[in-house]
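Let's take a walk through this protein together, starting from the whole chain and moving inward. Please keep the sequence and the 3D view at hand as you read.

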Amino acid sequence: MDSISFLHMADLHAGKNFHHASFGSVLGKSRRREIMDTFYRIVDMAVEARVDFLLIAGDLVEAEYISRRDLRNIQWKLEQAAGQSDLQVILIAGNHDYLSKDSIYADSAWPSNVTVMPPGFSVQRFVDKKTAIGAVSWDTAEMTALPEMAWDGDDSLFHILLLHGDLYGKDSPYLPLDLQRLQEIPAHYTALGHIHKPDIFRFPDGRGAAYPGSPEPLDFSETGSHGVIKGTLRREGGEVRLDFEFIPVAQRQFRILDFALTPDLSEQEVFARMEAGVGEMERKRDLCRFRLTGYRENFEGLDVEELRWRLLDSGFYYVEVQDETEPFYDLDSLKKEYAGSIIGRFIETMEEKIDRQEPYAQEALYQGLDALLQEMKKR
Ligand SMILES: [Mn+2]
């Protein structure tokens, strides 16, 4: 065998409950279902593409919340794959599903094509696939350093490493990693997990590493495309060549759209721009958060609830509208109009405070003007 192929996924977080999600528990429940469906689809992809390995780099499930039923569904799906192909599933535990006495991975119902790698560093050889897989499973909720990783780089084998940790946070309690160190390990490909945003690292010598990210994004901090990594290792002459790429699989995306308003825009224009900001297909599919900033023409604030309902009416699947606008006051003309009155004097006093950079002077000016002008209108 002079080549092997793999699908690499991580951070599915099956069983996650979305009780604290901004989109609420009803949508959270269907999100939970979609996460399971996406897992089934990834396994189907692995079987159909006849890859040798499905690499699962931690946090497959949220051990605290996964139901018995969903656990059985996952095991059944992997067992089905074993009947349809010679797919080997290599799994490490992460910080959300770390190994323990009563861990879900201690359950005897895992099919024989699934290898759950032990804590510490260990290497498992798959002789018929000419591959050695090194890995570190978690058995604690936090891990601050890599264990010793003695690994002889047997030249006749392909080498893959699985790690669940953080390449971006030097002081992370979730296994800080660094690229320099990773390159010292004789792995042709390092399958990473923990960071939910996909990222690909190509080493100068042709080897590489990647975070696939969460296959289904979990909240508004996980915008953009989400999926898995597909790769091959091929022996060419004496060299091992790595090819790998990101494949989108997520059913939905989270989108954040920023709109800076200007005071000349009517609320109808604001609505029209929000609506036009997302294509028709994406509207039906994605979860959208609009963040409105800048200055609005009216003093009362935008009718955020109405904007939201109108957007839902025009076919959006899910919408949030955050109003961070400030009322627009034409201070020069207000000063002229109210010269000598309490409003005029208030503006002048507050402008002096703003010039002296007193804290909260700007906010106080707007809030005070708001109150004074409302009062004027009542007269
Ligand atoms: Mn994690």
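The paragraphs below go from domains to a sheet, then to one strand and the core.

What you see is a predicted model. A good way in is to split the protein into its parts: domain 1 covers residues 3–248, domain 2 covers 254–327 and domain 3 covers 331–378. Take the pair formed by domain 1 and domain 2, whose C-alpha centres lie 38 Å apart. Where they meet, eight residues of domain 1 are in contact with seven residues of domain 2. The UniProt record, an unreviewed entry, annotates residues 5–198 as "domain: Calcineurin-like phosphoesterase". In the model, 25% of that span is helix and 23% is strand, and the C-alpha atoms at its two ends lie 19 Å apart.

Now look for an open sheet of six strands. Reading across it, you pass β4, β3, β2, β1, β11 and β12 in that order, and the pairing is mixed. At the edges are β4 (114–116) and β12 (239–248), each of which pairs on one side only. Neighbouring strands here are turned by 20° against each other on average, ignoring direction.

Strand β1 (residues 3–9) shows both kinds of pairing. With β11 (residues 227–236), β1 pairs in the antiparallel sense over six bridges, and L7 has K230 as its bridge partner there. With β2, β1 runs parallel, joined by four bridges; here M9 is partnered with I56. Helix α1 (residues 24–48) lies across β1, β2 (53–57) and β11, and runs at about 175° to β1.

How many residues of β2 are buried? Five of its five are. In a regular strand, side chains alternate between the two faces of the sheet. For β2, F53, L55 and A57 sit on one side and L54 and I56 on the other, and all of them are buried, so both faces are covered.

This brings us to the interior. Nonpolar side chains tend to be buried together in soluble globular proteins. The largest nonpolar core here has 65 residues, and those touching the most other members are A46, L54, L55, I56, A57, I90 and L162. Helix α1 gives the most to this core, with six residues. Try picking out A46: leaving aside residues up to four places away in sequence, A46 touches L7, V51, L54, A81 and L87. There is also a second, separate core of 15 residues, with M274, V278, L287 and V319 among them.

Note on methods:
Residues are numbered from 1 along each chain as its sequence is written. This is a predicted model: local features need pLDDT of at least 70, side-chain atom pairs count only at pLDDT 80 or more; totals for chains, interfaces and linings use all residues. Two strands pair if DSSP finds at least two bridges between them. Axes are lines fitted to C-alpha atoms, for helices over the stretch in contact, and angles run from 0 to 180 degrees between N-to-C directions. Two residues are in contact if their C-beta atoms, placed from the backbone, lie within 7 Å. A nonpolar core is a set of buried Ala, Val, Leu, Ile, Met, Phe, Trp, Tyr and Cys residues joined through C-beta atoms within 7 Å. A residue is buried if 20 or more other C-beta atoms lie within 10 Å of its own, exposed if 12 or fewer, and partly exposed in between; C-beta atoms are placed from the backbone. UniProt positions are given in the numbering used here, feature names are shortened, and annotations may be inferred rather than shown by experiment. Domain bounds come from an automatic or database domain assignment.
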